[in-house]
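This report describes a protein–DNA model, beginning with the DNA contacts and then turning to one protein chain.

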2 protein chains.
Amino acid sequence: MLNSGVRQAVTRKDVARYAGVSTAVVSYVVNARPKKVAPATEARVREAIKLLGYQPNGAARALKLGSTEMLGLVIPDSSNPFFAELSHALENSANELGYAVLLTNSNGSIDKERKHVQSLSSRGVDGLLLASIEPQPDLERFKESGVPTVLLNRHEPLPGLASIGVDLVQGARTAVDHLISHDHTDIDLVMGTSPVASVDGREKGWRQALTEARLTEGTVHRAAFSRRGGYEAGQRLITARKPPTAVFASSDTQAAGVLRALHEAGLQVPQDIALISFDASSESEYTWPALTAVRQPIHAMAAAAIETLLRRESAGENEHTVFPTDLLIRRSCGCAPSASNDVFLPTSATKT
Amino acid sequence: MLNSGVRQAVTRKDVARYAGVSTAVVSYVVNARPKKVAPATEARVREAIKLLGYQPNGAARALKLGSTEMLGLVIPDSSNPFFAELSHALENSANELGYAVLLTNSNGSIDKERKHVQSLSSRGVDGLLLASIEPQPDLERFKESGVPTVLLNRHEPLPGLASIGVDLVQGARTAVDHLISHDHTDIDLVMGTSPVASVDGREKGWRQALTEARLTEGTVHRAAFSRRGGYEAGQRLITARKPPTAVFASSDTQAAGVLRALHEAGLQVPQDIALISFDASSESEYTWPALTAVRQPIHAMAAAAIETLLRRESAGENEHTVFPTDLLIRRSCGCAPSASNDVFLPTSATKT
DNA sequence: ATGAAAGCGCTAACAC
DNA sequence: GTGTTAGCGCTTTCAT
């Protein structure tokens, strides 16, 4: 009838016996709750804990309390620089509040994403952080599992679910407007593709900026959200009859690929073709030339996501928080910043 | 006395009642074990499960079974490209075997690393994957917690603990030998710094290759394992009285920094200074020029780590597995590969 | 200030 | 083939 005591050799019972108290008292000192314990008793218990090398059993605690103090994280690809930085920031924020995070990759598969959500829910996570690849995640799924959820990297409100993201349209407009201020009139777009069709805010912003400046619309080069995708788009871009003089890329990784294609063709950036990217993850600072990029406030978003999730555990608000972006001026746009980097547009977060 | 039934509204008991069976039967069908169930009964149970939206409670299962089917991962920085790729591969491998992974970052702090090990152990992980920043991790700590552990990114055997890594010395020698074959005689080293002093295998390999070729030793530039570190090292390197004609960098990220410094100084790679880096993470393919790099077989190592860890749960062997590296020839070394990338040294893993 | 005991949801040995 | 039930380690109410 015994469980194979492989690991949990020492339980609170052993500690209690060793310290000559009841198991309840051990609990009181370990949690400093809900009762006070006499200093002398407490000392004996602590002594016993240290001596026996006692470690509370998380599973038992979770079962009793109904809370695992774990958060589930589902992202497309944790090795992609943007998501790598985001998940790092999320882990740090969660950790500060005593929460551990279960990391899962959907690897671009909707089916895998669903399985992970389900599995994390079954593991009893206290909350779910989901960077979904579905433009319209099935709400019922979440209601059912009942796990508080916040959607990451989500750029439009989704009624019924909390979400956090950036103003894609505004960010793109800032970038394209900047290119226009450098007197460019032929501005192409390298746009990432998501599994399901729907117009990305970056595409809208690019188009809006062009329209307002009464410029003719450039070409949209669709490619995967990856360095390779950008590389292929870059190759297509320069072999057009009339290549653009400037390009806006929907992510840093794509821009890195575009850069490679341009270099291989012997083209100079920004002289022959100027380039601005989106995200401003740390890799964008070390490309050649360094990328001017629309920056997402990753750390602030991560902190807000955790905060929203944990607050939601009690209250159940479903707001969409939009963070502003700034334009980080470096070399690829044609500017020659004097010394350090300049930053535009430092506005604050808004809620919907 | 009731637990606040916030989430786990529906338990196996509800399912049993609804299907008109006992709780044991529900267990049998959910786990397909340890008893057979009549097809008709099974169908009724599955029906009830679906209808009620029943999800097994992981904490209860873990408590009963003494296994959480979770693995703990402790790494210095999950946003560093190398560790990002490693943790991605680890998560994938673990997931295939039904294990979830708890990700934690030590952020370069030994204290944090210890806290995470302790916390993961307390959460009852079935195994620990640890990329320690300590050159000599305290063995007692692990014996005590009793969690099967494998050390990652570990390049020398550590008696008493399983570990996995790459032959740093050999990898570095291959790189430096290659530089020598390009007729370089002044080859500097950009070496990452770890918190505690101890000679890294890459430094040894660099020195050995130089010595065997009867070349005078170049300068060692110590810098952080980061793009910024590499950048600073690169700046120092080119302002020396007699700059080298070739450089071996101990990581891709550092090489990216070196590249930036060289570009800023108007130096050509490989013409003015040739460069080879270590890791060959995916970012090394998209720098300009693309980096020739010593490649670590990240996926194979991840798979082996998981396999070792899970096998160790029963048997308790403590071997050190060394993986071979290859030299991925691209442009930064001075080669002009015809079409695709060439790969050297495809040998197989060895155990100690 | 301390202790006894119930019970969280699940598994599996054992009885039928 | 199915049901009964003990018990995993913990928290906390209630009694002392």
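## Polar contacts with DNA strand D

In this predicted model, a base oxygen of DNA strand D lies 2.8 Å from a polar side-chain atom of Tyr28(B). The elements that give two or more residues to the surface near the strand are helix H2 (23–31) and helix H4 (58–65) of chain A, together with helix H2 (23–31) and helix H4 (58–65) of chain B. Helices here are DSSP runs of H or I with at least four residues, strands are E runs of at least two, and both are numbered from the N terminus.

Two phosphate contacts can be added. A polar backbone atom of Ser22(B) is 2.6 Å from a phosphate oxygen of DNA strand D, and a polar side-chain atom of Asn31(A) is 3.3 Å from a phosphate oxygen of that strand. A polar contact is a pair of N or O atoms within 3.5 Å.

## Surroundings of the strand

DNA strand D is surrounded by 32 residues, and the closest are Lys35(A), Tyr54(A), Arg61(A), Ser22(B) and Thr41(B). Of the strand atoms that come within 4 Å of the protein, 57% belong to sugar and phosphate. A residue counts as near if one of its heavy atoms lies within 4 Å of the strand.

## Chain A

Chain A has 12 helices and 14 strands. Of its 352 residues, 53% are buried, meaning under 20% relative accessible area with a 1.4 Å probe, protein chains only.

## Basis

Residues are numbered from 1 along each chain as its sequence is written, and chains are lettered from A in the order in which they are written. Local features need pLDDT of at least 70, side-chain atom pairs count only at pLDDT 80 or more, and totals for chains, interfaces and linings use all residues, while side-chain values use heavy atoms, with hydrogens and water left out.

Technical notes. Buried means under 20% relative accessible area, exposed over 50%, partly exposed in between (1.4 Å probe, protein chains only). A polar contact is a pair of N or O atoms within 3.5 Å; within protein, one must be able to donate a hydrogen and the other to accept it, and residues adjacent in sequence count only if both atoms are side-chain atoms.
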